[in-house]
Amino acid sequence: MEQDRGIYTEQFPKGSKVRVRDGAFLESFRQSWKLHHPLAAEQLGFAGRDAEVASVGFYHGGDVLYTLVGIPGIWHERCLERVA
């Protein structure tokens, strides 16, 4: 069970190693997400790729947004997972 981290607290600090979630998850997220920073179709091609967190930002209300080294776009925290 994920511990409640509170508002404006990232799961993956700058420099963390993450993996972009699989293609099925990204497509589902892309179709269902109707708010800020929707995933672009081009981002789906990066499914399963590992990267380093370049920067962390927060949307008003606490949604955590990331940029990744070598992978374009803005990524929602739900679209990333920790590299084991």
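Let's start with the salt bridges: there are four in this structure, which, as a predicted model, is what we'll be walking through today. I'd like to show you three of them.

Take D50 and R19. Their side chains meet in a salt bridge, with 2.7 Å from N to O. Where do D50 and R19 lie? D50 belongs to strand β2, residues 50–58, while R19 belongs to strand β1, residues 17–20, so this pair ties together parts that are 31 residues apart in sequence. Both ends can be seen from outside to some degree: D50 is partly exposed at 42% relative accessibility, and R19 is partly exposed at 27%.

Now R21 and E81. Here too the side chains form a salt bridge, this time at 3.9 Å from N to O. R21 sits in the loop between β1 and α1, the helix of residues 23–32, and E81 sits in strand β5, residues 80–82, so the pair ties together parts that are 60 residues apart in sequence. R21 has a relative accessible area of 26%, which makes it partly exposed, and E81 is partly exposed as well, with 32%.

My third example is R30 with E27, another side-chain salt bridge, with 3.9 Å from N to O. How far apart in the helix are R30 and E27? They are three residues apart in helix α1, about one turn of the helix. R30 comes out as partly exposed, with a relative accessible area of 33%, and E27 is partly exposed at 25%.

On to the strands, and you'll meet some familiar residues. Strands β1 and β2 run antiparallel and are joined by three bridges. Which residue in β2 is the bridge partner of R19? That would be D50, and you'll remember that the side chains of D50 and R19 also meet in a salt bridge. So please keep that pair in view as you turn the model.

Strand β2 also pairs with strand β3, residues 64–68. These two run antiparallel too, with five bridges between them. One partnership to look for is V53 with L68 in β3. The hairpin of β2 and β3 has five residues between the strands, and within that hairpin G61 takes a positive phi near 105°.

Let's stay on β2 for a moment, with S55, which is found in that strand. S55 is partly exposed, with a relative accessible area of 31%. Setting aside neighbours within four places in sequence, S55 is in contact with L65, Y66 and T67. With T67 there is a polar contact between the two side chains, at 2.4 Å. For a sense of scale, S55 and Q43 are twelve residues apart in sequence and 17 Å apart in space, C-alpha to C-alpha.

Now let's look inside. In soluble globular proteins, nonpolar side chains tend to be buried together. In our model, the largest nonpolar core has 17 residues, and those with the most contacts inside it are V20, Y66, L68, I71, W75 and L80. Which elements give two or more residues to this core? They are β1, α1, β2, β3 and β4, the last being residues 71–76. Strand β3 gives the most, with three residues.

Y66 is a good place to zoom in. Not counting residues up to four places away in sequence, Y66 touches a long list, including F12, V53, S55, V56, W75 and L80. It also touches E10, Q11 and E77, among others.

Finally, two histidines. H36 is found in the loop between α1 and β2, and H37 is in the loop between α1 and β2 as well. Is H36 buried or exposed? H36 is buried, with a relative accessible area of 10%, whereas H37 is partly exposed, with 30%. Leaving out residues up to four places away in sequence, H36 touches Y59, D63, L65 and H76.

What about the backbone of H37? Most residues other than glycine have a negative phi. H37 has a phi near 50°, a positive value in a residue other than glycine. Do have a look at that spot in the viewer.

That's the tour, and thanks for listening!

Terms used:
Residues numbered from 1 in each chain as written. Predicted model: local features only at pLDDT ≥ 70, side-chain atom pairs only at ≥ 80, totals over all residues. Heavy atoms only, no water. Helix = DSSP H or I, 4+ residues; strand = E, 2+ residues; numbered from the N terminus. Buried < 20%, exposed > 50% of the residue type's maximum accessible area, 1.4 Å probe, protein only. Pairing = 2+ DSSP bridges. Contact = heavy atoms within 4.5 Å. Polar contact = N/O pair within 3.5 Å; in protein donor to acceptor, adjacent residues only side chain to side chain. Core = buried A, V, L, I, M, F, W, Y, C linked by side-chain atoms within 4.5 Å.
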